[in-house]
Amino acid sequence: MLGWFLAGRRWLASRMAAAPGPAQPTVRGRAGRARTHAGTGSTARSEPATLAGQRQCKHEAVSREGGGPDPNGLRIEYPDSGLTEDQLADTWLEQFRSWFADAVNAGIPEPNAVVLATVGTDSMPAARLVLMKSFDESGIVVFTNGYSAKGQELAANPFAALVFPWHSMHRQVRMSGPVEVVDEAASDAYFAGRPYGARIAARVSRQSQVIAARSDLERDWVAQARAYPEGGDVPRPPGWQGYRVRPESVEFWSGRQNRLHDRLRFRRTEDGWVTERLAP
Ligand SMILES: Cc1cc2nc3c(=O)[nH]c(=O)nc-3n(C[C@H](O)[C@H](O)[C@H](O)COP(=O)(O)O)c2cc1C
């Protein structure tokens, strides 16, 4: 047991030494002082939440006889890092920027992957991962095919919910609000910056449609690649575009001990943004 613990500490120490960039983004608080968003949030020497968390976590996988791991046996005790009111930034954007930087610096794979939930005319919710490509005070921008299932759902009901699942850091960010299509120039600019193969694929894939075989896709890819050789212009296909989710509610969730997690929410009201604490 002690051997495991010491080996774990050594591994974490080497990870921390190798971690690129500043491990501790800071934000400016209401009182104007700089402070950290990690662990205790109190000193410049404290660790990023992810590493401090892993150090204290118990992860018990219990195998069922012949049935593989039992999900009920997978149990993590969260560290007591959390997010308190005095650590919370003044705006959702500032707080999001800080946590997104933490997620990038912690090495989370595809930290910009976000669950996008939509509801179409059939009232059936649908959720899938997409990639956030930019964000600012006006919202979160993702790109997809407007003829896809999600595109049609957004056309019928232009509202969405987002979840950033940074659970290896014991964090989650949830947002919801109306959705708008970004302007053509922004979609053109983003499309032009995609790798060649991805631009061709966007022209080929009738996203969300049932297709007969993978070979159809590959055949069409080759045909489009012949029509638009590498190095030349690849036109953005109709309907392939950016969507901006304009959050009206942004919740920052941070896991804490005994499941007494922190949930701090920014919510837009007629009088401006309010912040409130939610029961876990
Ligand atoms: C990590 C990850 C990132 C993805 N990013 C995108 C994306 O940015 N845009 C997109 O249209 N689909 C993306 N996808 C695929 C979607 O999850 C989904 O399969 C596809 O958009 C079709 O969804 P729909 O049928 O609900 O419209 C991604 C999938 C994964 C796993």
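**Exercise 1. Overall make-up**

How many helices and strands does the protein have?

*Solution.* The protein has seven helices and 13 strands. Helices (H or I, at least four residues) and strands (E, at least two) are DSSP runs, numbered from the N terminus. Residue numbers start from 1 along each chain as its sequence is written. The model is predicted: local features need pLDDT of at least 70, side-chain atom pairs count only at pLDDT 80 or more, and totals for chains, interfaces and linings use all residues.

Next, burial. A residue is buried if 20 or more other C-beta atoms lie within 10 Å of its own, exposed if 12 or fewer, and partly exposed in between, with C-beta atoms placed from the backbone. Buried residues make up 28% of the 280 residues.

Last, contacts. Two residues are in contact if their C-beta atoms, placed from the backbone, lie within 7 Å. Of the contacts with a separation of 6 or more, 58% join residues 24 or more positions apart.

**Exercise 2. The nonpolar core**

Describe the largest nonpolar core and find which element gives the most to it.

*Solution.* Start with the term. A nonpolar core is a set of buried Ala, Val, Leu, Ile, Met, Phe, Trp, Tyr and Cys residues joined through C-beta atoms within 7 Å. The largest one has 32 residues. Inside it, L162, V173 and V245 have the most contacts.

Now the elements. Those giving two or more residues to this core are α3 (92–105), β5 (113–119), β7 (139–145), β8 (159–164), β9 (171–181), β10 (240–245), β11 (249–254) and β12 (262–269). Helix α3 gives the most, with four residues.

Then the domains. Domain 1 (1–108) and domain 2 (112–247) each supply at least three residues to this core. The domain bounds come from an automatic or database domain assignment.

Finish with V245. Not counting residues up to four places away in sequence, V245 touches G139, I140, A160, L162, M175, G177 and V179.

In general, nonpolar side chains in soluble globular proteins tend to be buried together.

**Exercise 3. Helix α6 against helix α7**

Give the geometry of the α6 and α7 pair, then list the residues that meet.

*Solution.* Two packed helices are described by the angle between their axes and the distance between the axes. The axes of α6 (residues 196–204) and α7 (residues 214–227) come within 9 Å and cross at roughly 115°. Axes are lines fitted to C-alpha atoms, for helices over the stretch in contact, and angles run from 0 to 180 degrees between N-to-C directions.

The crossing of α6 past α7 is right-handed. A crossing is left-handed if the near helix is turned anticlockwise from the far one by less than a right angle, and right-handed if clockwise.

On the α6 side, the residues are I200, A201, R203 and V204. They meet L217, D220, W221, Q224 and A225 in α7. By class, the residues of this contact divide into six nonpolar, one polar and two charged. Here Ala, Val, Leu, Ile, Met, Phe, Trp, Tyr, Cys and Pro count as nonpolar, Asp, Glu, Lys and Arg as charged, and the others, Gly among them, as polar.

Check one pair. A225 and R203 are 22 residues apart along the chain, and their C-alpha atoms are separated by 9.8 Å. A225 is partly exposed because 18 other C-beta atoms lie within 10 Å.

**Exercise 4. Three strand residues**

Is each of F252, V119 and L129 buried, partly exposed or exposed?

*Solution.* Take F252, in strand β11. F252 has 25 C-beta neighbours inside 10 Å, so F252 counts as buried. Beyond four places in sequence, F252 is in contact with L83, Q95, W99, V173 and L264. F252 and Q172 lie 80 residues apart in sequence, yet 6.2 Å apart C-alpha to C-alpha.

Take V119, in strand β5. V119 has 17 other C-beta atoms within 10 Å, so V119 is partly exposed. Not counting residues up to four places away in sequence, V119 touches P125, E153 and N157.

Take L129, in strand β6. L129 has 12 other C-beta atoms within 10 Å, so L129 is exposed. Beyond four places in sequence, L129 is in contact with A113, V114 and V115.

**Exercise 5. Positive phi in two loops**

Place S123 and R259, and give their phi angles.

*Solution.* S123 is in the loop between β5 and β6 (125–136). S123 is not a glycine, yet has a positive phi of about 65°. S123 is exposed, with 7 other C-beta atoms within 10 Å.

R259 is in the loop between β11 and β12. R259 is not a glycine either, and has a positive phi of about 65°. R259 is exposed, with 9 other C-beta atoms within 10 Å.
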